[in-house]
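Work through the exercises below with the sequence and the model open. Each task is followed by its solution.

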Amino acid sequence: MSEEKDLNTTFPHLSRRGFFKGSAALLGGALMSQLPFETNAYARYGADDTIKVALIGCGGRGTGAAIQALSTQGKVKLVAMADAFRDRLDESFTAISTKFPDKSRFDVSEKNKFVGFDAYKKAIPLADVVILATPPGFRPIHFEEAVNAGKHIFMEKPVATDAPGVRKVLAAAEIAKKKNLNVVVGLQRRYQNAYLETIKRINDGSIGDITSAQAYWHNAGVWVRPRKPEQTEMEYQMRNWYYFNWLCGDHILEQHIHNIDVVNWVKDGYPVSAQGMGGRQVRNGKDHGEIYDHHYVEFTYADGTIFNSQCRHQPGTMNRVEEVFVGTKGRATLSGDGKGIVTDLKGGSIYNHRSKNDPDPYQTEHDKLFAAIRSGNVINNAEYGAKSTMTAILGRNATYSGQVIKWDDALNTQLSIMPEKFAWDAPTPTKPDANGNYPIPTPGVTRVI
Amino acid sequence: MNLHKVITSGAVTVFFLVAAGFTNKQSPANSTIPSFQEDKFEAYRETIPGTKITFELVPVKGGEFMMGSPATEAKRKPDEGPQHKIKIEPFWMGKYEVTWDEFEIFVYKEIEKQSMNASSMAATGPSDAVSRPSPPYLDMTFGMGKSGFPAINMTQFGALTYCKWLTAKTGHFYRLPTEAEWEYACRAGSTTAYSFGDDPAGLEEYGWNFNNSNAGTKKVGSKKPNAWGLYDMHGNVAEWTLDQYDPNFYAQFAKTTATNPWLKPTKLYAHSLRGGSWDDDPDALRSAARQFSKPVWKQRDPQIPKSQWWFTDASFVGFRVVRPVKQPSAEEIAKYWSEPIKDYGS
């Protein structure tokens with residue numbers, strides 16, 4: 001299978017929009033000759049050229065992404081690392097150097113380790129590809145910087161935590177497109193065989209017209225990092241970032257986006273409105289910041305299809321992380337562990353994906369990214385990454401406010417949840433009261449747009 | 001946290017030592033544990049203290065057996081030989097694979113708290129003597145069922161740490177079976193490929209495998225037990241043993257009769273599992289068939305270091321506990337618990 005054909009299979013929605021019409025060489029050549037930008041991914045990297053990588057955000061996920069980038073075919077080298085915290089950078093350095101003791105793949109000198117809020121500005125210029133894996137609140141400014149610098153990008157989901165951030169990413173995505181930059185977003189289900197094969201069958205009409213969808217992210221929740229007395233409020237929130245909206249966006253965004261994105265993918269569109277409910281039942285301590293532990297949202301698409309989305313972080317309750325599509329002729333159930341089941345409405349089997357020997361989709365993301373850079377094809381996931389981010393924010397708006405929220409109003413709001421300034425002594429968007437508790441979003445009271 | 005640290009850690013220590021019957025290095029027979037009489041080597045039901053959750057133990061008498069498979073056995077693999085004589089000392093073994101009902105009390109402190117009644121909470125509190133798993137990144141049931149279903153996807157370290165926690169809770173020394181103990185118990189005196197004979201067709205009655213499981217774990221004990229009363233030794237989930245996997249381990253025993261052989265793990269990969277699973281073909285469920293852990297079983301753990309507690313791609317892995325009749329001293333017990341090895345990906 002040729003690379004082009006492979007990409008068309010991988011990104012059927014993109015090919016429908018004509019991104020890959022004609023040969024990749026023609027597309028690249030024709031566009032390049034008309035563009036004023038000096039960046040030309042197509043011309044710069046032959047099979048023998050070393051692609052230099054910078055890691056921005058050295059937590060567990062960033063470290064994993066860096067190792068995956070360095071595990072791709074051809075010469076590739078991590079040359080710079082950036083993080084807000086020196087200790088996080090050092091832990092990551094240890095992990096990557098254990099995995100890649102040879103300097104041909106991992107060669108980050110002391111002068112190329114950058115720490116602090118502006119570390120990304122120093123690391124990005126040193127690389128050809130940047131990995132953006134900080135907490136999601138920073139993604140828009142990091143993405144914008146990387147695009148302006150003409151870099152290829154791997155960025156983790158979600159890509160923003162509020163609508164102004166989403167708009168910034170969408171604007172930069174347009175520039176990236178014009179510059180022929182590759183942008184892969186870490187919604188790895190889009191790169192997972194179980195999804196590609198099962199969704200192909202949905203698109204082929206196996207379950208008829210889709211009448212509703214359900215998606216679930218139910219599990220116990222994630223880590224808590226306790227406050228230390230020497231920390232400023234800004235440092236505490238940065239360390240315990242999962243529990244603050246400007247950094248994380250709530251778990252409906254940070255994790256459930258995977259499932260929400262799958263529904264958008266299959267629907268080949270985005271909801272026009274949402275309403276729902278949510279709250280904090282078990283995650284109610286001072287260590288739990290301001291986010292909810294459960295959301296239930298009813299998204300409505302332009303054709304009237306209802307998508308019911310549930311997410312919950314409550315230990316001891318039913319675990320389920322899945323997407324379900326119900327159609328006029330059958331139903332399909334998918335999950336990240338490789339399930340892909342299509343049946344007729346009576347349960348008769350139409351397709352059952354066997355995932356035992358499928359490749360690791362987290363690795364596949366990077367394999368495709370680096371292969372595209374070397375071949376001159378262009379992958380740009382930024383638009384769907386931004387709009388699925390916006391979909392989850394729309395859901396959060398609905399549960400926090402208790403109102404029906406329209407997509408256009410939510411996307412166009414001027415309301416930002418980000419700090420005005422990034423510094424360790426700068427004020428945070430939300431602050432604890434005298435007892436250490438944070439203001440919790442309250443339906444009927446909280447303003448979201 | 002190792003035992004030494006536990007012993008120096010104040011209030012928790014008291015609970016640990018008293019409950020575990022370790023004071024003055026008394027043997028359990030002389031200890032103050034009221035719930036159990038050492039001299040009765042028979043089946044019993046253990047309650048996880050302070051909860052309503054119980055599990056059953058079956059006595060496995062000591063004896064000798066031929067470990068591994070004869071060269072004539074169909075579908076045999078080279079790591080099952082040479083067949084050699086082994087001596088095993090008596091132990092109790094879990095009648096069933098450990099279920100989520102039991103395992104989740106260990107995984108989630110909140111569940112332990114909620115399942116304990118007020119008086120037992122006052123007496124002991126939730127047990128903090130042993131570290132607990134990080135909350136799993138994925139849904140670790142993989143939608144295959146929870147209550148009554150085998151717990152799955154834990155690492156060997158996670159399974160062994162459950163045993164450590166259970167030991168601290170109950171005062172009885174529980175651990176994983178060695179490969180030799182496991183095979184001895186599985187065979188239950190048989191010398192055939194499966195404990196019920198040589199024909200894999202018997203798995204319809206005795207074991208969940210790829211041909212009859214419909215792609216998932218099944219409630220423990222829903223097929224027939226072997227001759228010694230142990231359920232799901234063939235299939236359902238592949239079960240952790242206490243050993244490092246070494247395909248050549250048996251060679252050294254060819255001319256001796258070793259007692260309780262155990263290859264203590266020192267490396268992250270590979271560790272031995274036995275019994276085969278719902279996801280395996282019948283030949284992997286044979287009594288002598290060996291399996292071993294692989295880095296690919298964590299391929300969808302996106303974080304580095306990868307979890308020391310969980311796999312992400314091993315929904316066919318579980319375990320059961322054993323308890324040796326001769327309870328070792330605290331110092332001897334401490335040697336069984338392992339320290340986690342960091343996993344930077346493979």
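Two strands (DSSP runs of E, at least two residues, numbered from the N terminus) pair if DSSP finds at least two bridges between them. The model is predicted: local features need pLDDT of at least 70, side-chain atom pairs count only at pLDDT 80 or more, and totals for chains, interfaces and linings use all residues. Residues are numbered from 1 along each chain as its sequence is written, chains are lettered from A in the order in which they are written, and side-chain values use heavy atoms, without hydrogens and water.

**Exercise 1.** Find the bridge partners of B:Leu273 in strand β8 (residues 271-274) of chain B.

Solution.
- Strand β6 (residues 238-244) of chain B pairs with β8(B) in the antiparallel sense over three bridges. B:Trp240 stands opposite B:Leu273.
- Strand β9 (residues 290-292) of chain B also runs antiparallel to β8(B), joined by three bridges. There, B:Gln291 is the partner of B:Leu273.
- B:Leu273 points the same way as B:His271, while B:Ser272 and B:Arg274 point the other way; all are buried (under 20% relative accessible area, 1.4 Å probe, protein chains only).

**Exercise 2.** Check the length of helix α9 (residues 163-178) of chain A, then describe its start and what follows the helix.

Solution.
- A helix is a DSSP run of H or I of at least four residues. Its expected span is 1.5 Å times one less than its number of residues, so the 16 residues of α9(A) should span 22 Å; the end C-alpha atoms are 23 Å apart, which agrees.
- At the start, a side-chain oxygen of A:Asp162 comes within 3.0 Å of the backbone nitrogen of A:Gly165.
- Just after the helix, A:Asn180 has a positive phi of about 60°.

Technical notes: A polar contact is a pair of N or O atoms within 3.5 Å; within protein, one must be able to donate a hydrogen and the other to accept it, and residues adjacent in sequence count only if both atoms are side-chain atoms. Buried means under 20% relative accessible area, exposed over 50%, partly exposed in between (1.4 Å probe, protein chains only).
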